[in-house]
Amino acid sequence: MTRLQRMSLLGLAAVGSLMANVAMAASSLQDLNFTALGGDRMELKLDFVGGVPEVKGYRIETPPRITIDLLDTSSQLDKRRFDLGLSGVDELVALEAGSRTRLVMKLNQSKPYVTRTEGNSLYVIIGE
């Protein structure tokens, strides 16, 4: 075996090892639950296998949206679109691209939100 062949094999082994580590570290979104909390508030509960991932979110004022990015996460949801009409949240769309899952909540008006983690669940509270 030539030196170049050995280097190529070592490179392939390193890439394979890196991909295996990324796959093991990835979370999987398994389930969503929606609960009206009264008034103009709603709770979104996301359940994961592999732990709650790093979360990045932001609001858009026009049109009113909340976007939550779940980094290094795949989606195992049965569907991508959820028609809610619950506490001012009209719809939720779950999109998977690359190594992240993005949740986009279409609102009837701009609303604040907060997140908290409990075990393998992420809670998103929408509204005042």
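**Reading rings and strands**

Biologist: Phenylalanine 34 counts as partly exposed because its relative accessibility is 24%. What do buried and exposed mean?

Modeller: Buried is under 20% relative accessible area, exposed is over 50%, and partly exposed is in between (1.4 Å probe, protein chains only). Phenylalanine 82, at 12%, therefore counts as buried. Of the 128 residues of the protein chain, 33% are buried. Before we go on: this is a predicted model, where local features need pLDDT of at least 70 and side-chain atom pairs need 80 or more, while totals for chains, interfaces and linings use all residues. Residues are numbered from 1 along each chain as its sequence is written, and side-chain values use heavy atoms, leaving out hydrogens and water.

Biologist: How many aromatic pairs does the structure hold?

Modeller: Just one. To pair, rings of Phe, Tyr or Trp (its six-membered ring) need centres within 6.5 Å; planes under 30 degrees apart are stacked, over 60 edge-to-face, and the rest tilted. Here phenylalanine 34 and phenylalanine 82 make a tilted pair, with 5.8 Å between centres and 55 degrees between planes.

Biologist: Which parts of the chain does that pair link?

Modeller: Distant ones: phenylalanine 34 sits in strand β1 (residues 27-38) and phenylalanine 82 in strand β6 (residues 81-86), 48 residues apart. Helices (H or I, at least four residues) and strands (E, at least two) are DSSP runs, numbered from the N terminus. The protein chain has one helix and 10 strands, and the helix comes ahead of the strands.

Biologist: In what order do the strands of the open sheet lie?

Modeller: Strands count as paired if DSSP finds at least two bridges between them. Five strands line up as β3-β4-β8-β7-β6, with antiparallel pairing. At the edges, β3 (55-60) and β6 each have a single partner strand, so one side of each has no neighbour in the sheet.

Biologist: How many bridges join β3 to strand β4?

Modeller: Six, and β4 covers residues 65-71. As one example, lysine 56 has aspartate 69 in β4 as its bridge partner.

Biologist: Where does arginine 116 lie?

Modeller: Over the face of tyrosine 123, 4.1 Å from the ring centre. A charge sits over a ring if NZ of Lys or CZ of Arg is within 6 Å of the ring centre and within 35 degrees of the ring normal.

Biologist: What share of the contacts comes from residues 24 or more positions apart?

Modeller: A contact means heavy atoms within 4.5 Å. In the protein chain, such residues account for 55% of the contacts with a separation of 6 or more.
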